[in-house]
Amino acid sequence: MLISFIFLMASFAEAHQKLMNVGSLAHSCPVCGAASHHQTVVFHHALDFRDRHMHQCGMCTSVYVWPLPTDQELSGLYVGDKYYKSRGGRRAATQFPLLPSSQAQWIQQRASGAWTERARPVFVDVGCGAGFLLSKLWSLSPREGIQMICYEPSKEVAEDARHTFKTHAAGSSYIVHPTLFDGCGHEQAGKITLITMSHVLEHLASPHSMLRTLAKCLMPRGYAFLAVPNKPLRGEASSTLEQEVNTQGTRGVSSTGDFKPKNNFHLFYFTEKSIRALIYSGHNATFSIIDTFSNSKEVRVLLRRRT
């Protein structure tokens with residue numbers, strides 16, 4: 001009798017778990033909005049705060065964590081230095097100045113209006129790290145009157161950003177806020193000339209919400225630059241999710257194993273196709289795509305706010 005009861009409870013628990021798993025599938029793609037039947041559970045993702053499933057959308061090909069974490073959970077990861085400590089310390093923010101240099105040149109060639117269409121341009125960098133991107137943008141075309149505002153939640157790395165401006169953009173006007181970016185204040189709303197977000201969007205639980213925030217901050221015809229890792233699930237790219245999976249010592253994707261990526265703070269894994277889908281699925285009336293670029297490392301997109 002006892003054995004029958006234990007077997008019955010085990011069967012109930014298994015059925016309940018299956019029901020919970022089915023429930024986790026019943027959602028729309030957070031990138032393009034495709035219905036839930038387009039999603040497939042790909043593998044598990046071991047984030048610091050809770051195990052979650054990974055899904056791929058059959059429409060836009062985005063791979064993402066589901067269910068997505070709350071804002072409170074994300075604050076616990078980024079406020080302070082937990083993120084940089086997980087990557088080897090604050091030096092991780094200062095090791096790759098060549099990438100911001102390449103990005104800055106790419107932006108300047110395509111968004112020259114950011115320097116000329118307003119007497120006192122305002123540039124904002126969200127998640128500025130050590131401040132290389134905006135300091136390089138200023139050095140490419142230095143002029144008086146440009147105000148640069150940076151947001152970096154790590155106080156130590158924010159101090160590194162101030163040092164970068166003093167060293168590489170002497171004479172520039174800058175402010176580095178050691179906080180998360182939660183939108184522009186009333187005085188700056190609708191007046192920002194250029195907003196840059198380099199390798200930030202993939203960390204956010206709601207990319208659509210951030211794009212709406214950027215639209216409120218930008219002046220008409222203002223620019224937004226986004227860069228994300230180029231991370232297809234599989235294919236010929238030199239860096240794919242499949243190559244980062246290590247399940248019990250074997251390489252490859254498993255529907256039951258753990259996914260152990262190089263950076264387990266990422267919630268979204270974009271390609272150029274899925275970034276375009278993100279824009280077209282909810283922001284085509286607000287932004288026009290000026291240009292895109294992709295290589296094996298990253299995808300870049302330059303947006304312009306419509307009037």
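Rings of Phe, Tyr and Trp, with the six-membered ring taken for Trp, are paired if their centres lie within 6.5 Å, and a pair counts as stacked if the planes are under 30 degrees apart. The legends below describe close-up views of a predicted model.

**View 1. Phe165 and Tyr174 form a stacked aromatic pair.** By the rule above, the count comes to seven aromatic pairs. In the pair of Phe165 and Tyr174, the rings are 4.8 Å apart from centre to centre, with 10° between the planes. Phe165 has a relative accessible area of 0% and is therefore buried. Tyr174 has a relative accessible area of 24%, so Tyr174 is partly exposed.

**View 2. Phe268 and Phe270 stack within an aromatic cluster.** The ring centres of Phe268 and Phe270 are 5.6 Å apart, and the angle between their planes is 10°. Phe268 and Phe270 are both buried. Together with Tyr64 and Trp66, Phe268 and Phe270 form one aromatic cluster.

**View 3. Leu214 sits in the largest nonpolar core.** This core has 48 residues. The members that touch the most other members are Val124, Ile195, Met197, Leu201, Leu214, Leu226 and Leu303. Helix α8 gives the most to this core, with five residues. Neighbours within four places in sequence are left aside for the contacts of Leu214, which are Phe181, Ile195, Met197, Ala224, Leu226 and Phe287.

**View 4. A second core is separate from the one around Leu214.** This second core has 25 residues. Trp115, Ile146, Met148 and Cys150 are among them.

**View 5. Helix α10 packs through its buried residues.** Helix α10 covers residues 272-282. Ser274, Ile275, Ala277, Leu278 and Ile279 are buried in this helix. The buried residues of α10 pack against helix α8 (207-217) and against three strands, namely β8 (218-229), β13 (287-294) and β14 (298-305).

**View 6. Arg110 and Asp291 link distant parts of the chain.** The structure holds five salt bridges. In the one shown here, the side chains of Arg110 and Asp291 meet at 2.7 Å, N to O. Arg110 lies in helix α4 (residues 98-110) and Asp291 lies in strand β13, 181 residues apart. Arg110 has a relative accessible area of 28% and so counts as partly exposed. Asp291 is also partly exposed, because its relative accessibility is 26%.

**View 7. Glu159 and Arg162 form a salt bridge in one helix.** The N to O distance between the two side chains is 2.9 Å. Both residues belong to helix α7 (residues 155-168), where they are three residues apart, about one turn of the helix. Glu159 is partly exposed, with a relative accessible area of 40%. Arg162 is partly exposed as well, with a relative accessible area of 22%. Buried means under 20%, so the value of 22% for Arg162 falls outside that class.

**View 8. Glu298 and Arg300 form a salt bridge between buried residues.** The closest N and O atoms of Glu298 and Arg300 are 2.5 Å apart. Glu298 counts as buried because its relative accessible area is 1%. Arg300 has a relative accessibility of 4%, so Arg300 is buried too.

How values were computed
Residues numbered from 1 in each chain as written. Predicted model: local features only at pLDDT ≥ 70, side-chain atom pairs only at ≥ 80, totals over all residues. Heavy atoms only, no water. Buried < 20%, exposed > 50% of the residue type's maximum accessible area, 1.4 Å probe, protein only. Helix = DSSP H or I, 4+ residues; strand = E, 2+ residues; numbered from the N terminus. Contact = heavy atoms within 4.5 Å. Core = buried A, V, L, I, M, F, W, Y, C linked by side-chain atoms within 4.5 Å. Phe/Tyr/Trp six-rings, centres within 6.5 Å; stacked < 30°, edge-to-face > 60°. Salt bridge = Lys/Arg side-chain N within 4 Å of Asp/Glu carboxyl O.
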